[in-house]
Amino acid sequence: MHALEALKYVGLNHYLALSGLVFTMGMIAVLLRRNVIVILMGVELMLNGVNIAFVAFGYHMGDIHGQLMVFFVMTVAAAEAGVGLALAVTVFKQFKKVDIKSFEQLKG
């Protein structure tokens, strides 16, 4: 079976299941880990799960708004990664570790 023919049998529910799985993996990483880098990667996974759902709904409904929202989410993800990594570098310079508990010591 050709790969493009196999895509005919992949429906909206498959994409939504994949979206939910990716989002859940990101949420677990955010909730259970204490390393800031892993938490940032978890947030990226959550945003990518949302992007899969946007693209799937956009394709299913024949509308381009889902794909346009993906560009917006990717922009927000890039900004989040930049700010988050800058904060992580600052905390690492101060405390020599990137544990999330270190952020509590940054209070005034």
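Here is a short chat about helix α3, two residues of α2 and the largest pocket in this predicted model.

Q: Before we start, what kind of model is this, and how are residues numbered?
A: This is a predicted model, where local features need pLDDT of at least 70, side-chain atom pairs count only at pLDDT 80 or more, and totals for chains, interfaces and linings use all residues. Residues are numbered from 1 along each chain as its sequence is written, and side-chain values use heavy atoms, with hydrogens and water left out.

Q: Thanks! How many residues does α3 have, and how far does it reach?
A: Helix α3 covers residues 36-61, which is 26 residues, and reaches 38 Å from its first C-alpha to its last, close to the 38 Å expected at 1.5 Å a residue. Helices here are DSSP runs of H or I with at least four residues, numbered from the N terminus. The expected span is 1.5 Å times one less than the number of residues.

Q: What sits at its two ends?
A: N35 caps the N-terminal end of α3, with a side-chain oxygen 2.9 Å from the backbone nitrogen of I37. After α3 comes G62, whose phi is positive, near 70°.

Q: And what do the buried residues of α3 pack against?
A: They pack against α2 (12-32) and α4 (65-95). Among the buried ones are V36, L40, M46, G49 and A53. Buried means under 20% relative accessible area, exposed over 50%, and partly exposed in between, with a 1.4 Å probe and protein chains only.

Q: Switching to α2: is S19 buried or exposed?
A: S19, in helix α2, counts as buried because its relative accessibility is 8%. Leaving aside neighbours within four places in sequence, S19 is in contact (heavy atoms within 4.5 Å) with G49, V50, I52 and A53.

Q: What about F23, which residues does it touch?
A: With neighbours within four places in sequence left aside, F23 is in contact with L45, M46, G49 and V50. F23 is also in α2, and at 30% relative accessibility it counts as partly exposed.

Q: New topic: how much space is in the largest pocket?
A: About 200 Å³. Of its 10 lining residues, the closest to the centre are V10, Y15, A56, Y59 and H60.

Q: Which element gives the largest share of that lining?
A: That is α3, with five residues.

Q: How does the lining split by class?
A: Eight residues are nonpolar, two are polar and none are charged.

Terms used:
Polar contact = N/O pair within 3.5 Å; in protein donor to acceptor, adjacent residues only side chain to side chain. 1 Å grid on protein atoms, 1.4 Å probe; cavity = no way out; pocket = protein on both sides within 12 Å on 5 of 7 lines; lining within 4 Å. Points joined across faces, edges and corners; volume = space filled by probe spheres on them. Nonpolar A, V, L, I, M, F, W, Y, C, P; charged D, E, K, R; others polar.
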